[in-house]
Amino acid sequence: MLEEVLRRLDDAYTVRLSEEMIGIPSVTGEEEALALYINDKLESYGMEAGLEYVEPGRPNVYGVLQGSKPGKRLNYNAHTDTVPAGDDWVTDPFKAVIKDGRMYGRGACDMKTGIACSLNMLRAIADSGAQFRGELSFSGVIDQEATDKGAWRMMEDPWWRSLDGVVLTYSYCGDETKPIPLGLTGKVLYDVKVKGKAAHGFRPHLGVNAVEDAARIIANLDKLKLKDHPKFGKGTVCTLKTEGGYKVYSVVVPESARFEVNRLLVSGESIEYALSDMRRLVDSLGLRSEVEVGVKPPKYEPYIASRDEPLMRTLHEVYKEVMSREPLYEYAYGITNANIFQGECGIESVHIGPQRGDPHSPNEYVKLEWLPPVSEMYARVAMSYLA
């Protein structure tokens with residue numbers, strides 16, 4: 001049965017799908033055309049497929065293949081959006097170019113070739129008539145490159161929330177370039193508002209300068225108590241945005257300011273811990289301004305997985321079979337939909353995909369030699385996990 005599935009995997013089909021999807025721009029906010037393309041493919045495999053519009057013109061896309069008997073429910077997940085193309089491309093970012101064993105284009109590794117490998121696998125299983133237990137499904141969600149509205153919406157549905165496992169088709173290929181995560185950092189985006197008191201700029205002592213007090217907080221961010229985790233190490237802090245002062249020139253002590261700070265959280269640091277830590281720092285500075293410390297989307301709790309969980313064990317054995325070596329693992333600095341699926345909802349999640357090159361950068365590429373083994377690993381994981 002597995003042999004028939006593997007025989008039906010078509011590497012040329014994966015390349016063609018990748019080329020076609022790179023040719024469908026799907027920058028965050030403009031995912032509909034790609035979702036419609038994927039939906040057509042899922043329907044052509046005989047899957048029960050459909051769209052869920054999270055916002056006007058922005059649908060998640062789903063497909064479900066039912067097994068012959070009750071069993072576990074396994075989902076292959078990808079995000080359909082990409083970051084903008086940006087400048088400094090040598091080639092057209094929305095036209096796949098193959099050169100020296102690489103495919104270039106926006107979304108080549110993040111993550112349209114991962115989608116193509118999963119579609120290749122789903123087509124092979126459906127066409128083979130292979131028997132399996134439970135349910136095999138696909139989800140393509142919007143907005144991962146922004147605030148993850150698609151994955152959050154998916155998890156609002158109790159039916160999806162009851163999945164047993166998720167394979168995320170991110171480009172974690174299990175070698176030294178990108179080991180498979182055994183956990184991911186969380187993230188909080190501080191939204192800090194500072195309220196001072198206006199006065200004439202020639203008599204600043206009569207006012208309370210909100211911009212200067214905001215600057216004092218920013219200058220002391222190194223005094224936040226970042227916990228040191230034995231696997232992750234410490235998280236990071238980065239000021240992303242500041243605003244305050246006049247819009248039209250005026251000699252007035254600024255009465256308001258605002259800034260945003262990104263903080264990666266390691267296991268043991270919750271969002272609530274991060275909030276209380278920033279409030280403690282503000283209180284320690286003795287500022288005259290009133291300071292409101294809040295958070296805004298996106299925010300994620302960190303999580304740690306285990307090598308002993310069923311889906312991770314399955315992936316480990318499959319990787320050894322296909323790649324003739326054991327995968328490498330890491331506790332990764334980063335955010336994926338697994339922070340929502342596993343970190344927030346407790347659904348076991350694993351990452352595996354083609355080796356990547358320069359995601360989010362000009363001249364993004366994927367190594368074509370990785371597409372066949374990834375398609376095979378997807379097929380073997382599905383057939384083994386749902387046996």
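Here are a few questions and answers on a helix crossing and some aromatic pairs in this predicted model.

Local features need pLDDT of at least 70, side-chain atom pairs count only at pLDDT 80 or more, and totals for chains, interfaces and linings use all residues. Residues are numbered from 1 along each chain as its sequence is written, and side-chain values use heavy atoms, leaving out hydrogens and water.

Me: Is Tyr76 buried or exposed, and what about Tyr378?
Reply: Happy to help! The cut-offs are under 20% relative accessible area for buried, over 50% for exposed and partly exposed in between (1.4 Å probe, protein chains only). By these, Tyr76 and Tyr378 are both buried.

Me: How is the pair of Trp159 and Trp160 classed?
Reply: Rings of Phe, Tyr and Trp (its six-membered ring) pair if their centres lie within 6.5 Å; planes under 30 degrees apart count as stacked, over 60 as edge-to-face and the rest as tilted. The centres of Trp159 and Trp160 are 4.7 Å apart and the planes stand at 75°, so the pair is edge-to-face.

Me: Which accessibility class does Trp159 fall into?
Reply: Good one to check beside its partner: Trp160, at 4% relative accessible area, is buried. Trp159 has 37% relative accessibility, so Trp159 counts as partly exposed.

Me: Which residues do ring pairs link into a cluster with Trp159?
Reply: The structure holds 6 aromatic pairs in total. Ring pairs join Trp159 into a cluster with Trp160 and Tyr62.
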